[in-house]
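Trainee: I should be grateful for a close look at one part of this molecule, the open sheet. Please begin with the pairing of its strands and then proceed to the parts that lie outside the sheet.

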Amino acid sequence: MRTCYICGSTEQLTKDHTPPKNLFVPPLPTDLITVDCCEKCHKGFSLDDEAFRVFASSVSRSKEGRWIWKHRVMESSFKRSPKLMANVAKHIIPLAVEGPLEHTTAPAMIYPHERANPYLTRITKGLMRYFHPEIDYGRITFQVMQVVPSQGVIDVLGQTLVYDVKGAGVFRFWRGLSMEGKPDSIWVYLFYDSLMFFVQVGEV
Ligand SMILES: [Zn+2]
């Protein structure tokens with residue numbers, strides 16, 4: 001039976017994109033992931049989705065992210081809300097990035113936990129529903145960590161986890177279950193080649 005991947009309802013079901021489709025540049029890729037979601041849950045996502053897109057694209061290293069920043073954030077979101085712009089500026093800080101030969105600093109974004117956690121937990125629930133519909137994630141915990149992406153990290157992930165990509169330069173992700181049929185798993189997301197999160201899933 002089809003149920004909402006957030007609340008379990010069977011009524012007024014629609015499709016939700018995982019991750020949200022507002023991250024992608026037009027024309028939308030045809031292979032985006034969707035999961036069943038009720039109208040009520042779906043309606044509550046739009047502000048979180050817009051806020052995350054602002055943060056993620058503000059530090060983009062991919063041309064897709066820069067396109068979103070220019071056309072969707074500067075020309076749209078910030079025109080509507082100067083407060084949002086001020087809030088973003090507060091969270092951009094220079095971080096030391098280790099390159100193969102030198103230490104450099106690049107602007108990076110620390111995304112506020114209270115906003116990041118629900119958003120990334122929702123994406124993880126969506127991907128779990130899509131890739132492992134047999135798993136009951138009603139009673140599990142999601143732990144979100146932001147990490148600075150580097151080629152070294154990406155190489156290690158590739159050795160142990162399953163890699164996938166949706167929309168070049170937009171959303172890359174890695175996933176790994178520790179045991180078949182169990183929710184315990186690790187999910188890693190890289191947005192616009194610049195913003196990386198680990199989500200660890202475990203049983204209560
Ligand atoms: Zn729902």
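Mentor: Let us begin with one pair of residues: Phe 173 has Tyr 189 of strand S8 standing opposite. The model is a predicted one, and what follows should be read in that light. The pair belongs to the partnership of S7 and S8, which are joined in the antiparallel sense by 7 bridges.

On its other flank, S7 (residues 171-177) is joined to S6 by 5 bridges, and these two strands also run antiparallel. Two facing pairs may serve as landmarks here. Val 162 lies opposite Arg 175 of S7, and Lys 166 lies opposite Phe 171 of S7. S6 and S7 form a hairpin with 4 residues between the strands. In this hairpin Gly 167 adopts a positive phi near 70°.

These pairings can now be placed in the whole sheet. The sheet is open and consists of 5 strands, arranged in the order S5-S9-S8-S7-S6 with antiparallel pairing. Strand S5 (140-147) and strand S6 (162-166) occupy the edges. Each of these two has a single partner strand, so one side of each is left without a neighbour in the sheet. On average, and with direction ignored, neighbouring strands of this sheet are turned by 20° against each other.

The connection between two of these strands also merits attention. Asp 193 is situated in the loop that links strand S8 (185-191) to strand S9 (195-203). Although Asp 193 is not a glycine, its phi is positive, at about 55°. Asp 193 counts as partly exposed because 19 C-beta neighbours lie inside 10 Å, whereas 20 or more would be required for a residue to be called buried.

From this loop one may turn to the helices by way of Gly 65. Gly 65 is located in helix H3 (residues 63-80). When neighbours within four places in sequence are left aside, the contacts of Gly 65 are Ala 56, Ser 57, Ser 60, Gly 169, Tyr 192 and Ser 194. Gly 65 counts as buried because it has 25 C-beta neighbours inside 10 Å. By contrast with these contacts, Thr 124 is 59 residues from Gly 65 along the chain, and their C-alpha atoms are separated by 21 Å.

Two of the contacts of Gly 65, Ala 56 and Ser 57, lead to the packing of H2 against H3. The axes of these helices come within 9 Å and cross at roughly 130°. H2 is therefore oblique to H3. The crossing is left-handed. On the H2 side, the contact is made by Glu 50, Arg 53, Val 54, Ala 56, Ser 57 and Ser 58. On the H3 side, Gly 65, Ile 68, Trp 69, Arg 72, Val 73 and Ser 77 take part. Sorted by class, this contact of H2 with H3 comprises 5 nonpolar, 4 polar and 3 charged residues.

H2 has a further helix to consider. Helix H2 (residues 46-58) packs with helix H5 (residues 113-131) at an angle of about 110°, and their axes are 10 Å apart. H2 is therefore roughly perpendicular to H5. This crossing is likewise left-handed. Asp 48, Ala 51 and Phe 52 of H2 make the contact with Arg 115, Pro 118 and Tyr 119 of H5. By class, the contact of H2 with H5 has 4 nonpolar, no polar and 2 charged residues.

There remain some backbone features in the earlier part of the chain. Gln 12 is found in the segment before S1. Gln 12 is not a glycine, yet its phi is positive, at about 50°. Gln 12 counts as exposed because 12 C-beta neighbours lie inside 10 Å.

Pro 19 lies in the loop between strand S1 (13-18) and strand S2 (33-38). The peptide bond that leads from Thr 18 to Pro 19 is cis, with omega near -5°. Pro 27 is also placed in the loop between S1 and S2. There, the peptide bond from Pro 26 to Pro 27 is cis, with omega near -10°.

Definitions and conventions
Residues are numbered from 1 along each chain as its sequence is written. This is a predicted model: local features need pLDDT of at least 70, side-chain atom pairs count only at pLDDT 80 or more; totals for chains, interfaces and linings use all residues. Two residues are in contact if their C-beta atoms, placed from the backbone, lie within 7 Å. Axes are lines fitted to C-alpha atoms, for helices over the stretch in contact, and angles run from 0 to 180 degrees between N-to-C directions. Angles under 35 degrees count as roughly parallel, over 145 as roughly antiparallel, 65 to 115 as roughly perpendicular and the rest as oblique. A crossing is left-handed if the near helix is turned anticlockwise from the far one by less than a right angle, and right-handed if clockwise. Ala, Val, Leu, Ile, Met, Phe, Trp, Tyr, Cys and Pro count as nonpolar, Asp, Glu, Lys and Arg as charged, and the others, Gly among them, as polar. Two strands pair if DSSP finds at least two bridges between them.
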